[in-house]
Amino acid sequence: MLEEVERWLDARSSKASDWPLERLLAAKAATGARISVVLPALDEEETVGAIVTAIREDLVEAAPLVDELLVVDSGSADRTAENAAAAGAKVLHRDEILPGIPSVRGKGEVLWRSLAATTGDLVCFIDADLREFSSTVVTGVLGPLLCSPDNDAIHLVKAMYDRPLVAGSAVLPAGGGRVTELVARPILNLHWPLLAGFVQPLGGEYAARRTLLERLPFPTGYGVETAMLIDTLALVGLDGMAQVDVGVRLHHHQDDAGLGRMASEIMQVAWERLRREGRIVPGGDGARPHTLMTQFHREAEGFAPRSTDVTVVERPPMRTLTRGEGAGEVVGEAVGETEQ
């Protein structure tokens, strides 16, 4: 590990308990910061309500820390939207935000659009599939942004945690995060070693300043967290980032085929950033890699191929959009065209 990363780990790593709620409330009052919490959600009816309830009860009603609590539904076929609304969140469908821009599927698309539907100076993202959720996840990642002596220098805070893998009645304490260990961490260590200190680079729980988020491009799929780390490093440097230990993260896990598609998106995002930095020169007859991913499943007659288009679409930085006064209104040039 680089000496710079070792120093960063000492200076920019903390625990959720280091940031008590009372301290955050005092800092918020002193700075006047407005805080938004966003949950991107797709078919999470079993968990989204409990997460919203915990945040509402602890950080909206019992203590006035969170100003906006938004769930953005990415086209759920279950009762995700209804359960989130019943628990006290404002709920918007992905297509209601920036309706002038045709939407695409993907977590990153929802995160990007949420910036146009919120007003917080600080924005906290929380995945909607967490089980046994505690609001200390929110206070933990907000802590360094609100309370550090040099808090103006910190722009992005990631949660770090243990990720057990639950397989039937068996629990593997460190069995989760397979794409992190097999894809994301090797890529970051190889090409962006300054990011090697992040325990959970793909984690979906983090908070950032709006002034940073609106300067970032957003890949629309699962590569969004990888892109955010790499692009934030380029914009604010390693000292502008921090991480907070929030304990244990319990959530449902994708099957191997789903993880493979996720890995492909992450690799495309990394490839594109290496290209932009001039560290690789595209070969062949095109500027992009082949993005039709073939996987195999067994049928009665043997293994059959199944191909999925895993092309990564990338939305431009939000601050480059020209918006009218109406919520979600887009005027001016055709901003539906995305960077490729």
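This briefing covers the overall fold statistics, two helix pairs and several individual residues.

The model is predicted. The protein chain contains 10 helices and 16 strands. Of its 340 residues, 53% are buried. Among contacts with a separation of 6 or more, 73% join residues 24 or more positions apart.

**Helix α6 and its surroundings**

- Helix α6 spans residues 136–147. Of its 12 residues, 11 are buried, so the rest of the structure largely encloses this helix.
- The buried set starts with Val-137, Val-138, Thr-139, Gly-140 and Val-141. It continues with Leu-142, Gly-143, Pro-144, Leu-145, Leu-146 and Cys-147.
- Leu-145, one of these buried residues, has its backbone oxygen 3.1 Å from a polar side-chain atom of Arg-209.

**Arg-209**

- Arg-209 belongs to strand β10, residues 206–209.
- Its relative accessibility is 13%, so Arg-209 counts as buried, the cut-off being under 20%.
- The Arg-209 side chain also has a polar atom 2.7 Å from the backbone oxygen of Ile-154.
- The Arg-209 side chain thus has polar atoms at 3.1 Å from the Leu-145 backbone oxygen and at 2.7 Å from that of Ile-154.

**Helices α2 and α6**

- Helix α2, residues 21–31, packs on α6 at about 40 degrees, and the axes are 10 Å apart.
- That angle makes α2 oblique to α6, because roughly parallel would require an angle under 35 degrees.
- The crossing of α2 past α6 is left-handed.
- From α2, the contact uses Leu-21, Arg-23, Leu-24, Ala-27, Lys-28 and Thr-31. From α6, it uses Thr-139, Leu-142, Gly-143, Leu-146 and Cys-147.
- By class, the residues of this contact are six nonpolar, three polar and two charged.
- The α6 residues in this contact, including Leu-142 and Leu-146, are among the buried ones listed for that helix.
- An α-helix has 3.6 residues a turn, so residues three or four places apart point the same way.

**Helices α7 and α10**

- Helix α7 covers residues 178–191, and helix α10 covers residues 256–276.
- Their axes come within 9 Å and cross at roughly 10 degrees.
- α7 and α10 therefore run roughly parallel to each other.
- α7 passes α10 in a right-handed crossing.
- On the α7 side, the contact residues are Arg-178, Val-179, Val-183, Ile-187 and His-191. On the α10 side, they are Asp-256, Leu-259, Met-262, Ala-263, Ile-266, Met-267, Ala-270 and Leu-274.
- This contact consists of 10 nonpolar residues, one polar and two charged.

**Ser-76 and Asp-43**

- Ser-76 sits in the loop between β3 (68–73) and α4. With a relative accessible area of 17%, Ser-76 is buried.
- A polar atom of the Ser-76 side chain lies 2.8 Å from the backbone nitrogen of Asp-43.
- The side chains of Ser-76 and Asp-73 make a polar contact at 2.5 Å.
- Beyond residues up to four places away in sequence, Ser-76 touches Ala-41, Leu-42 and Asp-43.
- Asp-43 is in the loop between β2 (35–41) and α3 (48–61). Asp-43 is partly exposed, at 37% relative accessible area.

**Positive phi values**

- Most residues other than glycine have a negative phi.
- Asp-43 has a positive phi, near 55 degrees.
- Glu-132 also has a positive phi, near 55 degrees.
- Glu-132 is placed in the loop between β6 (130–131) and α6. Its relative accessibility of 71% makes Glu-132 exposed.

**Gly-88**

- Gly-88 lies in the loop between α4 (80–87) and β4 (90–93).
- The relative accessible area of Gly-88 is 39%, so this residue is partly exposed.
- Gly-88 and Gly-49 are 39 residues apart in sequence, and their C-alpha atoms are 8.4 Å apart in space.
- Setting aside neighbours within four places in sequence, Gly-88 is in contact with Val-52 and Arg-56.

How values were computed
Residues are numbered from 1 along each chain as its sequence is written. This is a predicted model: local features need pLDDT of at least 70, side-chain atom pairs count only at pLDDT 80 or more; totals for chains, interfaces and linings use all residues. Side-chain values use heavy atoms; hydrogens and water are left out. Buried means under 20% relative accessible area, exposed over 50%, partly exposed in between (1.4 Å probe, protein chains only). Helices (H or I, at least four residues) and strands (E, at least two) are DSSP runs, numbered from the N terminus. A polar contact is a pair of N or O atoms within 3.5 Å; within protein, one must be able to donate a hydrogen and the other to accept it, and residues adjacent in sequence count only if both atoms are side-chain atoms. Axes are lines fitted to C-alpha atoms, for helices over the stretch in contact, and angles run from 0 to 180 degrees between N-to-C directions. Angles under 35 degrees count as roughly parallel, over 145 as roughly antiparallel, 65 to 115 as roughly perpendicular and the rest as oblique. A crossing is left-handed if the near helix is turned anticlockwise from the far one by less than a right angle, and right-handed if clockwise. Contact means heavy atoms within 4.5 Å. Ala, Val, Leu, Ile, Met, Phe, Trp, Tyr, Cys and Pro count as nonpolar, Asp, Glu, Lys and Arg as charged, and the others, Gly among them, as polar.
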